Amino acid sequence: MRRLLAAPGFARLWVSAFFGETAEWMLQVALPVYLFVRTGSAVTTALSIVLGLLPAVLLSPIAGIVADRWDRRVVMAVVCAGQALVVLPLLIGTELPVAAVYAVMAAQAGLASVFEPARSALVPELVGVEDVTSANGLMSVNGSVARLAGGWAGGALLGWGGLDRVIAGYLVALAVAGMLLAFPFRRATARRSVPEQADWLAGVRDLAGKRLRATSVSALLTSLAQGMFLVLFVVFVLDILRGSEADAGLLRGVQAIGGLAAGFAVATLARRVAPVLLQGWGLVAAGLMSVAIWNLPGATTVLGVYVGLFMAVGAPAVVAGAGLLSHIQAETGPDRAGRVLSTVYALMAAGTAAGSLLAGALVAVIGPTVLLNVQAGLHVSAGLVVLGWGNGRFRRFRARKVVTVEECRLSSPPATST
């Protein structure tokens, strides 16, 4: 872990990711709550989430090729500048039309669909494939802190100062993230150049192949659950727990505390556990803990109880996420990583959109508690799929990292700056 942070390139990416994710969480928490308070409609909130996800699906082919063909650091810096520009309409100082909020969420999602594959594909270049799981654990640590800071700040600033305060804080965090990307990185592994006629379907073929098929199905089920959560969480806090906007931000943010411990554990122990096992057992644990949370209001609605529970459920969620990302990074070469990862993110965006629509349409019909239990069940199912439950037994995976590293070393030119 210390060795990774001693690498200047990765350390700078790590800090930049913290500020970028803090900014992202501020908007992810504040905008759905803002719309729900404005309209009182879970359907409106669900629609905003869907409109914020569709660009990620539609732009997946372009995002993957951009991440593989161009300098990933430069791509990320340009995206940061674009995200700052598209959010400026929210600072007009008057009550915004709902359509304006929709447009900003869609633009942000479109830019993020380019940013995320580039950043995830850059990590193996900076640390080498053998350390990618440890690096993802460290990225999860600052992601957890960013979630805590950004989630709380998004809800608190919205409740205390309005949307313009949220946007001001967002712009400051985003500016710091962009400045840290201004100078070249020293790479541990260089990728081969991608031909001009690069096939964007390479990512689809890889995910449909034997090595990543179960992981892809698991990712889809997980994203369906996440989409339902994005809508139902707001209803859960404001209607079932009778909380406030600030309470919603707090509960979204405190998951990061459990994620901190999990991130450090993954960074330290990553070499001992195959990534798919991290993903599978993390999802099963997160689903079972969610069942307990969603059914507890019948006994108590004391906010402090839920603060503790949301802290705890953040740990398996981080473990599962690090396992998913590490498995995909290890199974794909550096020349295809951008296209594979952009396809994964598109698949998950589509699943999240579907889950949001499902929750928004059904919450008034069958109630939030039933849907929240379905959401938890999807997490458990996703974990069992990747563990091989469908084959009648749990899989045992052997790490393939050594072969992958040697292949990368043989096919890669000497380390360079980017």
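Axes are lines fitted to C-alpha atoms, for helices over the stretch in contact, and angles run from 0 to 180 degrees between N-to-C directions. The model is predicted: local features need pLDDT of at least 70, side-chain atom pairs count only at pLDDT 80 or more, and totals for chains, interfaces and linings use all residues. Residues are numbered from 1 along each chain as its sequence is written, and side-chain values use heavy atoms, without hydrogens and water.

**Exercise 1.** Classify the crossing of helices H7 and H8.

Solution.
1. Helices are DSSP runs of H or I with at least four residues, numbered from the N terminus. The axes of H7 (residues 98-127) and H8 (residues 132-161) come within 9 Å and cross at roughly 125 degrees.
2. H7 is therefore oblique to H8, given that under 35 degrees counts as roughly parallel, over 145 as roughly antiparallel, 65 to 115 as roughly perpendicular and the rest as oblique.
3. Contact means heavy atoms within 4.5 Å. Arg119, Val123, Pro124 and Val127 of H7 meet Val132, Ala135, Asn136 and Met139 of H8.

**Exercise 2.** Describe the surroundings of Thr352 in helix H15.

Solution.
1. Thr352 belongs to H15, residues 337-366.
2. Thr352 counts as buried because its relative accessibility is 9%; the cut-off is under 20% relative accessible area (1.4 Å probe, protein chains only).
3. A polar atom of the Thr352 side chain lies 2.7 Å from the backbone oxygen of Met348.
4. Apart from neighbours within four places in sequence, Thr352 contacts Leu53, Ser223, Leu224, Gln226, Gly227 and Leu230.

Key. Helices (H or I, at least four residues) and strands (E, at least two) are DSSP runs, numbered from the N terminus. Buried means under 20% relative accessible area, exposed over 50%, partly exposed in between (1.4 Å probe, protein chains only). A polar contact is a pair of N or O atoms within 3.5 Å; within protein, one must be able to donate a hydrogen and the other to accept it, and residues adjacent in sequence count only if both atoms are side-chain atoms.
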